[in-house]
Amino acid sequence: MIWNSHFECMSRDELSEIQGQRLRELVERLYSNVPFYRKRMQKMGLLPADIKGLEDLYRLPFTTKQDLRDNYPFGLFAVPMSEIVRVHASSGTTGQPTVVGYTRRDISIWSEVVARTLACSGAGRDDVVQISYGYGLFTGGLGIHYGTEKLGATVIPISGGNTAKQIQLMRDFGSTVIACTPSYALYLAEASEEMDVNSSDLKLRVGIFGAEPWTESMRKEIEEKLNITAIDIYGLSEVIGPGVSTECQEQAGLHIFEDHFFPEIIDPESGDVLPPGSHGELVFTTLTKEGLPLLRYRTRDLTHLNYETCSCGRTMVRMAKCTGRSDDMLIIRGVNIFPSQVESVLLEISETKPHYLLIVDRINNLDVLQVWVEVDNQFFSDEIRKLESLTLRIKNSLESTLGISVQVKLVEPKTIERSQGKAKRVIDKRQF
Ligand code: DLL
């Protein structure tokens, strides 16, 4: 089923017309309501009237995660706080989260694009959707929740974790759709085998998986083990959350809901816009958002776009599966982690040296993060009890900043290899 065939199957000419109109209105709004954008445009000698349509988009400034950080927490909001009905947050590059705000209309648009996402995956009113993305500041749980209700399907708002219960409810409530990270889906598949629940005991038929990169071989494994169609869904908090793009049942690229989120592909080094089909960094302009509208937001995700009409009938451009990032962000169990966050925690702890290493692995389908930290030599001669208490202190601080569990290993000075150039802070042993 196509949820909104008017927009999703619109001719590209008609779509461009609407996008151009929305862009002009957006620039007017940002210029009048957000001092940050007004100043940037003034510096570039640009007035809203200079932006006549999509052809002028490239003249506008980019927005980065650093800009959100510099204006923490609400400095880029384009409406008064009385209009903001919800706030979410994702990891920033240091301890400070990236904060996003939604007006009532934003929530309604978000529900619309998530309803489109579910319909794209083949879900409808008769489905029972188990939402195992985390509820809370993360956009995954509540984002999918509202869209599922809009679709009219039945929601099971179980949130993440508690694997045995996930499997029990999946069986007892007859869940037909599961929404979680792809790595958790694999973990669930394995855990259900151990619980002697096999796919014939379940009614699952579709999975909507995203929030982290995954490969075609992971897809195959999930589809076989759970006997479902596994759909890749993509989104980021800054742009709205889940609902930015999704695969349809053709599984041949992710349709971007371009009437709301206008994509460009740029060279991550030069910032130049690349010709259609080129591989580069994905950039979004949020055409309709009110709370936190963003101009040319640099996602740091690397992909390419395909403008051909899909055999499903949708005309919305498709992005290829993300192949990586142009920065050092890691996604561990669906949670975004920057090595600089670890560094900022360690800087607060006087016994540690500024040398650390993050080792990421996938053990039994679960991501595991181990942090090696160098400590003073003299400290090593101390009693075990002291070492244990330091390890625990570092572990607690890291876990509260990063939001995931961490194994900490204290190592003697000079254990971690020194590099001549840029320090190598991460060893990622997972296969993507
Ligand atoms: O992960 C929103 C989301 C929730 C998407 C649930 C899909 C499902 P953030 O926490 O802000 O938002 O993280 C955004 O996650 O820039 C990508 O690097 C990565 N990402 C999200 N979806 C995918 C995907 C949510 N399907 C960051 N494939 C993005 C690869 C993905 N990477």
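## Ligand shell

Strands, labelled E, are DSSP runs of at least two residues, numbered from the N terminus. In this predicted model, strand E7 contributes five residues to the shell around the ligand, the most of any element. Two elements, helix H6 (139-151) and strand E7 (229-236), each supply two or more residues to that shell.

The ligand is surrounded by 23 residues, of which Asp232, Ile233, Ser237, Asp301 and Asn336 come nearest. Sorted by class, the shell holds 11 nonpolar, seven polar and five charged residues.

## Backbone contacts and burial

Nitrogen of the ligand pairs with polar backbone atoms of the protein at several residues. For Ile233, a polar backbone atom is 2.7 Å from a ligand nitrogen. At Ala211, a backbone N or O atom lies 3.0 Å from a nitrogen atom of the ligand. The corresponding distance for a polar backbone atom of Glu212 is 3.3 Å.

The ligand taken alone exposes 610 Å², and the protein buries 97% of that area.

## Nonpolar surface patch

On the surface, a nonpolar patch is formed by Phe74, Met81 and Val87. Together these residues have about 230 Å² of accessible area.

Phe74 sits in the loop that runs between helix H4 (65-70) and strand E1 (84-90). Its relative accessibility is 35%, so Phe74 counts as partly exposed, a class that lies between the limits of 20% for buried and 50% for exposed.

Conventions
Residues numbered from 1 in each chain as written. Predicted model: local features only at pLDDT ≥ 70, side-chain atom pairs only at ≥ 80, totals over all residues. Heavy atoms only, no water. Near = heavy atom within 4 Å. Polar contact = N/O pair within 3.5 Å; in protein donor to acceptor, adjacent residues only side chain to side chain. Areas by Shrake-Rupley, 256 points an atom, 1.4 Å probe, with all protein chains shown as cover. Helix = DSSP H or I, 4+ residues; strand = E, 2+ residues; numbered from the N terminus. Nonpolar A, V, L, I, M, F, W, Y, C, P; charged D, E, K, R; others polar. Patch = residues over 30% accessible without salt bridge, like charges linked within 9 Å, V, L, I, M, F, W, Y side chains within 5 Å. Salt bridge = Lys/Arg side-chain N within 4 Å of Asp/Glu carboxyl O. Buried < 20%, exposed > 50% of the residue type's maximum accessible area, 1.4 Å probe, protein only.
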